[in-house]
Amino acid sequence: MSLQMITVSNNMALIQPGFSLMNFDGQVFFFGQKGWPKRSCPTGVFHFDVKHNHLKLKPALFSKDSCYLPPLRYPATCIFRSSLESEKHQYVIHGGKTPNNELSDKIYVMSIAGKNSKKVTFRCTEKDLVGDVPEARYGHSIDVVYSRGKSIGVLFGGRSYIPSSQRTTEKWNSVADCLPHVFLVDFEFGCSTSYILPELQDGLSFHVSIARNDTVYILGGHSLANNTRPTNLYRIKVDLPLGSPAVNCTVLPGGISVSSAILTQTNNDEFVIVGGYQLENQKRMVCNIVSFEDNKIEIREMETPDWTPDIKHSKIWFGSNMGNGTVFLGIPGDNKQATSEAFYFYMLKCAEDNVNEDQKTLTNSQTSTEDPGDSTPFEDSEEFCFSAEAYSFDGDDEFDTYNEDDEEDESETGYWITCCPTCDVDINTWVPFYSTELNKPAMIYCSHGDGHWVHAQCMDLAEDTLIHLSEGSNKYYCNEHVKIARALQTPKRVLPLKKPPLKSLHKKGSGKIFTPAKKSFLRRLFD
């Protein structure tokens, strides 16, 4: 296992607890930002590009026939293939929280509509359900099992808001465990059926689930009603004959107590559990290997990574599975220092890079939780709490530039950059230069090439010029490239002024002739 620190060049504020990562043919995509998508990326999905331990988020595209996909935090996601032998796969997304703290009960299916060397275009469709429709929830799991040449989704666990009849002003955002029902969801026909299994007595959320052929294994999780993390290990087996499906559950020994852990697959028969919590606000620093042999599951501890002191001392952490045996982790920065980062990110590789891409076993885990104030105390959702930090979007391609006014929070932004050789703006010494500046220097986006940000102060702009530029939506250029802009501009057509003839200088009806001095004055006036 190797642990590498990752630097993030842009859009750091998007990486909040509750996000999801999706792996399409080795390319990782980020989904589930905390706020609503900005005009810079209306889809809210980004290419998660990591090169040389440097992360860059690039906006992704959706096809015109796609439905709108809201940014959902803490949803249940899984890979869906039409059959075990199929190489092409899609991602199923169910539930989750919107930026308005509303819970979703919808199912979305994401697939690749087209791609080239630079861009990937997604197609998103919404699936309508009939029958026993699962209530809106978050922190649950959804997996796909295969039996007798057919496939079906298995949904379990999660939390939901208490019924409206029990909600008061003080408990309006209070949540409760969902009933421990198992839902079988047919993605093709949109049918959902609920099953009550006697072995499942308590609702669980933020657990780990592993789908293997016709079986789903439920491991760990947190019971909000009892405030416990039981060591139960459940095996849910699904049989899909021609008639009604058969579902049975078995309680297995050898479980572990953990919630909000991250599960990644290292090979066809082996998985690694990273992170999570064993007690309230006490991280679980031990990693486990989950291996399968002859339909038997074994869980054992493994050698832990060489955690950095920052990770060891941090009370909270979050992350997601990048696929191919790699986990993305985040911890809060030391906010005691004026120049400290809001987050520190790491990439943990649990396997070599030659992981089999055609893995038949699918994984799922509830890897992170929510923010404080969104729900009741003593739940996993309060284990992750960060202040947002906004960084500018890339100004390339056909996307508009990042607009700071679009942000809903009042957090510190990443404007502290060196924009030109003569730039002297410093976070420790900066004072407002314009009366319109509040807590950050004004920035101008140069549209030349791939685009870049410069300080208005370093451009020697007058304040009225800065206000004029900010009011319009046209492209403009910095001092270095303003000559290019002038060359591209088309001069406005100016109509020539009409000069009155000399005879018009005679005063009509008077019979008098103007003196030469008066004629000269009138010529200057009309000219």
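User: Two strands pair if DSSP finds at least two bridges between them. This is a predicted model. In what order do the five strands of the open sheet stand?

Analyst: The pairing in this sheet is mixed. Two strands, β6 (61-62) and β7 (76-80), have a single partner strand each, so one side of each lacks a neighbour in the sheet. That puts β6 and β7 at the edges. The order is β6-β10-β9-β8-β7.

User: β6 and β10 pair over two bridges; is the sense parallel or antiparallel?

Analyst: β10 covers residues 120-127. Across this pairing, Leu61 stands opposite Thr121 in β10. The two bridges between β6 and β10 run in a sense that is parallel.

User: How many helices and how many strands does the whole chain have, and what share of its residues is buried?

Analyst: The protein chain contains four helices and 33 strands. Its length is 527 residues. The share that counts as buried is 51%.

User: Among contacts between residues at least 6 apart in sequence, what share joins residues at least 24 apart?

Analyst: The count is made within the protein chain and starts from contacts between residues at least 6 apart. The part of these that joins residues at least 24 apart is 59%.

User: How much of the exposed surface comes from carbon and sulfur atoms?

Analyst: The protein chain exposes about 26600 Å². Of that area, carbon and sulfur atoms supply 50%.

User: Which element gives the most residues to the largest nonpolar core?

Analyst: In soluble globular proteins, nonpolar side chains tend to be buried together. Here the largest such core has 21 residues, and Ile15, Phe30, Phe48, Phe328 and Phe345 touch the most other members. Elements giving two or more residues are β1 (2-8), β3 (27-31), β4 (45-51), β5 (54-59), β28 (318-323) and β30 (343-349). With three residues, the top contributor is β30.

User: Beyond four places in sequence, which phenylalanines does Phe30 touch?

Analyst: Phe30 is one of the core members that touch the most others. Its contacts beyond four places include Leu14, Ile15, Leu21, Val45 and Leu57. Ser20 and Gly44 are also among them. The phenylalanines in that list are Phe19, Phe46 and Phe48.

User: Is Asp214 buried or exposed?

Analyst: Asp214 is found in the loop between β18 (208-212) and β19 (215-219). The cut-off for buried is under 20% relative accessible area. Asp214 has 18%, so it counts as buried.

User: With which side chains does the Asp214 side chain make polar contacts?

Analyst: Leaving aside neighbours within four places, Asp214 is in contact with Val145, Tyr146, Ser147, Ile236, Lys237 and Val238. Its C-alpha atom lies 8.8 Å from that of Leu240, 26 residues apart along the chain. One polar contact, of 3.0 Å, joins the side chains of Asp214 and Thr215. The other, at 2.8 Å, reaches the side chain of Lys237.

User: What is the largest C-alpha distance within the "binding site" at Cys419, Cys423, His455 and Cys458?

Analyst: UniProt lists these four residues in an unreviewed entry. They are spread over 40 residues of sequence but cluster in space. The largest C-alpha distance is 8.2 Å.

User: What relative accessibility do Cys419 and His455 have?

Analyst: Cys419 is found in the loop between β31 (362-365) and β32 (443-446), while His455 belongs to strand β33 (residues 452-455). Outside four places in sequence, Cys419 touches Trp453, Val454, His455 and Cys458. Both residues count as buried: Cys419 at 15%, and His455 at 1%.

User: Why can Cys446, His452, Cys478 and His481 be said to gather at one spot?

Analyst: UniProt's unreviewed entry annotates these residues as "binding site". They span 36 residues in sequence. They gather at one spot because no two of their C-alpha atoms are more than 11.1 Å apart.

User: Which residues do both Cys478 and His481 touch, leaving out those up to four places away?

Analyst: Cys478 and His481 each lie in the loop between α2 (463-471) and α3 (482-488). Cys478 is buried at 4% relative accessibility, and His481 is buried at 11%. Cys478 touches Cys446, His452, Val454 and Met459, whereas His481 touches Cys446, His448 and His452. The names on both lists are Cys446 and His452.

How values were computed
Residues numbered from 1 in each chain as written. Predicted model: local features only at pLDDT ≥ 70, side-chain atom pairs only at ≥ 80, totals over all residues. Heavy atoms only, no water. UniProt positions renumbered as here; feature names shortened; annotations may be inferred. Buried < 20%, exposed > 50% of the residue type's maximum accessible area, 1.4 Å probe, protein only. Contact = heavy atoms within 4.5 Å. Areas by Shrake-Rupley, 256 points an atom, 1.4 Å probe, with all protein chains shown as cover. Core = buried A, V, L, I, M, F, W, Y, C linked by side-chain atoms within 4.5 Å. Polar contact = N/O pair within 3.5 Å; in protein donor to acceptor, adjacent residues only side chain to side chain.
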